[in-house]
Amino acid sequence: MTAPMSAAPATRATGPGPAPSGEDLVHVEKLRMYFPVRQGILQRRVGWVRAVDDISFGVKRGETLGLVGESGCGKSTAGRAILQLYKPTGGSVTFDGTDLTKLGVTELRHRRREMQIVFQDPYASLNSRLTVGSIVAEPLEIHHIGSGRERQQRVNELLELVGLDRSMASRFPHEFSGGQRQRVGIARAIALNPQFIVCDEPISALDVSIQAQVVNLLQDLQERLGLTYLFIAHDLSVVRHISDRVAVMYLGKIVEITTRQLLYDRPLHPYTMALLSAVPIPDPVVERQRRRMILTGDVPSPVNPPSGCRFHTRCPFAQELCRTDEPPLAEVETSHRVACHFWSEINAAGGTRSLPVMPETGAAVASSPYQDEDEGEGMTDEERMSLKGDSPMRDPLIGGTPISGETGSRDDVGLSESLDVPQKPA
Ligand SMILES: Nc1ncnc2c1ncn2[C@@H]1O[C@H](COP(=O)(O)OP(=O)(O)OP(=O)(O)O)[C@@H](O)[C@H]1O
Ligand code: SF4
Ligand SMILES: [Mg+2]
């Protein structure tokens, strides 16, 4: 059983987020998503996974906001909590003027037509027993939109819109390539004419040669249909092509958010510098100056995140203040917010260029003076096991499909034929 949300531990607020702008289609304010950790025969709650911990940002109408960070930092959880696939532990998500966290199930189902998701693994997210035509028509059927004939026409139109032939409607997902399957997933996501789509690593599972095609398709659809995207990726080189602005996430927190131009030209947070230092730069002059910064250690456990700045156990610039005080995500210049106590000093000193270099690799040494702190250790196997089956899933519609149960995996709710949340590997 899920513990009452009020039982979740309080966090220290990191100050108000950016004021909602009239241009924001989606505005997230102090959003938190904690999952209970349970242990023992009685499944007592022994802690919380603070997957998303007090994040605030807006997504402007018609823009693409990239959301980037290492594996496990909370990107997918943030996307799902925004869509209310998870009931947030705290905070608000305002969509087109309505706070979604305050809506009841019926109202939420109605609003969800306007928000969709495209998943990373196009094979796992498509029902293998349905034809592609049925998969794309499913949201229309569930929302009782159009007659059978009209739905058929709409399916043809959608398939063509995503670059597939209408004759493919009678085929099954296994007859398609990875890129084609992702196109089917996109066709279904746009079937109900949504305004907002969370693209959760939509190209990570595809061949490099296909990735650009799918990115181009998403951009083309955005222009034609006026879509707004939250585009999740773990690689800054991917979001560079599609994002207007980029938010960088570390261990449940947004550490930097700014325009694409500013982020790539002048990253101010050490974590962003590290992520960016791994990305080759097309400009040969800038590329020659690029210094690789290799972070040591894994992302710490979100069950027991480091105190103060969560990055202090891996940050080569960390100082005592970083251990004790959490830096707020502050606007340091127009359209540029950073959560670091020493961003100004670090950048004045030359950023990664001020770090000692390992002669063998030419990369900057990026170990934190606090790297041996206990808190910096990854999640234990026991903690990981105890997470299974205990997330507060709402019962909404996505792509027209009801989701219930606690984990969102298909097999635990007896809806394995229709759920479109990707099944977790056994
Ligand atoms: N349903 C759940 N129940 C319990 N813990 C969860 C659940 N979903 C995610 N978590 C935990 O929350 C943290 C963030 O996970 P999330 O999947 O959001 O990360 P991510 O940034 O999307 O990672 P990746 O790049 O690997 O997809 C992880 O520690 C994960 O184990
Ligand atoms: S310098 Fe301190 S506050 Fe800034 S990122 Fe490093 S640890 Fe965090
Ligand atoms: Mg993810």
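**Warm-up.** Among contacts between residues at least 6 apart in sequence, what percentage join residues at least 24 apart?

*Solution.* Keep in mind that you're working with a predicted model. In this protein, 67% of those contacts link residues at least 24 apart. For a bit of background, the secondary structure comes to 13 helices and 16 strands, and 46% of the 426 residues count as buried.

**Exercise 1.** Work out the strand order of the open sheet of eight strands, and find which strands stand at its edges.

*Solution.* Start with the order: E6-E7-E8-E3-E9-E10-E13-E12. The pairing along this sheet is mixed. Now look at the two ends: strand E6 (115-118) and strand E12 (330-333) each have a single partner strand, so one side of each lacks a neighbour in the sheet. Going from one strand to the next, the twist averages 25°.

**Exercise 2.** Find the partners of strand E8 in the sheet, and match up some residues across the bridges.

*Solution.* Take E7 (residues 196-200) to begin with: five bridges join it to E8 (residues 228-233), and the two run parallel. Across this pairing, Phe196 sits opposite Thr228, while Cys199 sits opposite Phe231. Next comes E3, which is also joined to E8 by five bridges and runs parallel to it. Here you can pair Leu65 with its bridge partner in E8, Leu230. One more piece belongs with this part of the sheet: E7, helix H6 (residues 208-225) and E8 form a right-handed β-α-β unit.

**Exercise 3.** Decide whether the two faces of E8 are covered or open.

*Solution.* Go through the strand one side at a time. On one side you have Thr228, Leu230 and Ile232, all buried. On the other you have Tyr229, Phe231 and Ala233, and these are buried too. That's six of six residues buried, so E8 is largely enclosed by the rest of the structure.

**Exercise 4.** Describe how helix H1 packs on the sheet and how well it is covered.

*Solution.* First, list the strands that H1 (residues 75-82) touches: E3 (64-68), E6, E7, E8 and E9 (245-250). Second, check the angle: the direction of H1 makes about 155° with that of E8. Third, check the burial: eight of its eight residues are buried, and the helix is mostly covered. Those residues are Lys75, Ser76, Thr77, Ala78, Gly79, Arg80, Ala81 and Ile82. Just past the helix, look at Gln84, which takes a positive phi of about 65°.

**Exercise 5.** Is Arg151 buried or exposed?

*Solution.* Begin by placing the residue: Arg151 lies in helix H4 (residues 148-161). Then count its neighbours. There are 20 C-beta neighbours inside 10 Å, and the cut-off for buried is 20 or more, so Arg151 counts as buried. Leaving out residues up to four places away in sequence, Arg151 touches Ala137, Leu140, Glu141 and Gly146. For a distance check, try Ser134: it is 17 residues from Arg151 along the chain, and their C-alpha atoms are separated by 9.7 Å.

**Exercise 6.** Which residues are closest to ligand 2, and how does its shell split by class?

*Solution.* Count the shell: 13 residues surround ligand 2. The closest are Cys309, His312, Cys315, Cys322 and Cys340. Sorted by class, the shell has ten nonpolar residues, three polar ones and no charged ones.

Technical notes. Residues numbered from 1 in each chain as written. Chains lettered and ligands numbered in written order. Predicted model: local features only at pLDDT ≥ 70, side-chain atom pairs only at ≥ 80, totals over all residues. Pairing = 2+ DSSP bridges. Helix = DSSP H or I, 4+ residues; strand = E, 2+ residues; numbered from the N terminus. Axes fitted to C-alpha atoms, helices over the stretch in contact; angles between N-to-C directions. Contact = placed C-beta atoms within 7 Å. Buried ≥ 20, exposed ≤ 12 C-beta atoms within 10 Å, placed from the backbone. Near = placed C-beta within 6 Å. Nonpolar A, V, L, I, M, F, W, Y, C, P; charged D, E, K, R; others polar. Right-handed = clockwise from strand over helix to strand, strands pointing away.
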